[in-house]
Amino acid sequence: MANIQLPDALLVQNYVAGNENALETLIKRHESRIYGFIYSKISDRDISNDIFQDTFIKVIRTLKSNSYNEEGKFLPWVMRISHNLIIDHFRKCKKMPLFRETEEFSIFSIMSDDSLTIENKLITEQVESDVRRLIEELPADQKEVLIMRMYQDMSFKEISECTGVSINTALGRMRYALLNLRKVIDKHQIVLTN
């Protein structure tokens, strides 16, 4: 019973020194506040209990490894741990939606690998290289507008200000650049797809 009056920092020191009862006192002292905080965010008793237990597992591991160095701030530190575990819980729920296999739905229908294969990467690089070569054949004023718009993501207003021409002229140059690119592609029967 003497432990109840001791400050948190001293109880932490006692626990690290081997007094298991000191941790029990700390848990009892702060359990309603920590659990209440967790439950207010989760609203599920079982999950709240799990997160509460996980919180104190992390607390014990940190204390046992002598990594705890927040002297006099035990409760805010534990609350931060529980807050991080709550965030982890919501991230996990969001990332791992529940799908059930049925006759109408197969999990394999939504699974895909969007990463480029080596072959697709090579094709993409070749297409980009071909497009750059084609752009080089455009008249200088059309090439300038096309590069500013497509590669530098500039608006036609910005292009107009930068080149000293009207917005309509910039739009016209872009239009002619695209038409000329199409003509060259059609003339040489170039395929720009992967």
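Colleague: Which residues does Ser82 touch, leaving aside residues up to four places away in sequence?

Modeller: In this predicted model, Ser82 touches Ile34, Phe37, Ile38, Ile51 and Thr55. Ser82 itself is found in helix 4, residues 74-95.

Colleague: Why is Ser82 called buried or exposed?

Modeller: Its relative accessibility is 0%. Buried means under 20%. Ser82 therefore counts as buried.

Colleague: What makes the link between Ser82 and Met79 a polar contact?

Modeller: A polar atom of the Ser82 side chain lies 2.8 Å from the backbone oxygen of Met79. The cut-off for such a pair is within 3.5 Å.

Colleague: Why is Gly172 called buried, exposed or partly exposed?

Modeller: Gly172 has 23% relative accessibility. Buried is under 20% and exposed is over 50%, with partly exposed in between. So Gly172 counts as partly exposed. Its place is in helix 8, residues 167-187. Gln142 is 30 residues away from Gly172 in sequence and 8.8 Å away in space, C-alpha to C-alpha.

Colleague: How do you know how helix 7 and helix 8 are oriented to each other?

Modeller: They pack at an angle of about 105°, and their axes are 8 Å apart. Angles of 65 to 115 degrees count as roughly perpendicular. Helix 7 and helix 8 are therefore roughly perpendicular to each other. Helix 7 contributes Phe156, Lys157, Ile159 and Ser160 to the contact, and helix 8 contributes Ile167, Ala170, Leu171 and Met174. Those residues divide into 6 nonpolar, 1 polar and 1 charged.

Colleague: What is the handedness of the crossing of helix 1 and helix 2?

Modeller: The crossing is left-handed. The axes of helix 1 (residues 8-16) and helix 2 (residues 20-42) come within 7 Å and cross at roughly 145°. Among the contact residues are Leu11 and Tyr15 of helix 1, and Leu26 and Arg29 of helix 2. The contact as a whole has 6 nonpolar, 3 polar and 3 charged residues.

Colleague: What makes the phi of Ser43 worth a remark?

Modeller: Most residues other than glycine have a negative phi. Ser43 is not a glycine, yet its phi is positive, about 60°. Ser43 lies in the loop between helix 2 and helix 3. Its relative accessible area is 54%. Exposed means over 50%, so Ser43 is exposed.

Colleague: Where is Asp153, and what is its phi?

Modeller: Asp153 is found in the loop between helix 6 and helix 7. Its phi is near 55°, a positive value in a residue other than glycine.

Colleague: Why is Asp153 called buried or exposed?

Modeller: Its relative accessible area is 64%. With exposed set at over 50%, Asp153 is therefore exposed.

Key: Residues are numbered from 1 along each chain as its sequence is written. This is a predicted model: local features need pLDDT of at least 70, side-chain atom pairs count only at pLDDT 80 or more; totals for chains, interfaces and linings use all residues. Side-chain values use heavy atoms; hydrogens and water are left out. Helices (H or I, at least four residues) and strands (E, at least two) are DSSP runs, numbered from the N terminus. Buried means under 20% relative accessible area, exposed over 50%, partly exposed in between (1.4 Å probe, protein chains only). A polar contact is a pair of N or O atoms within 3.5 Å; within protein, one must be able to donate a hydrogen and the other to accept it, and residues adjacent in sequence count only if both atoms are side-chain atoms. Contact means heavy atoms within 4.5 Å. Axes are lines fitted to C-alpha atoms, for helices over the stretch in contact, and angles run from 0 to 180 degrees between N-to-C directions. Angles under 35 degrees count as roughly parallel, over 145 as roughly antiparallel, 65 to 115 as roughly perpendicular and the rest as oblique. Ala, Val, Leu, Ile, Met, Phe, Trp, Tyr, Cys and Pro count as nonpolar, Asp, Glu, Lys and Arg as charged, and the others, Gly among them, as polar. A crossing is left-handed if the near helix is turned anticlockwise from the far one by less than a right angle, and right-handed if clockwise.
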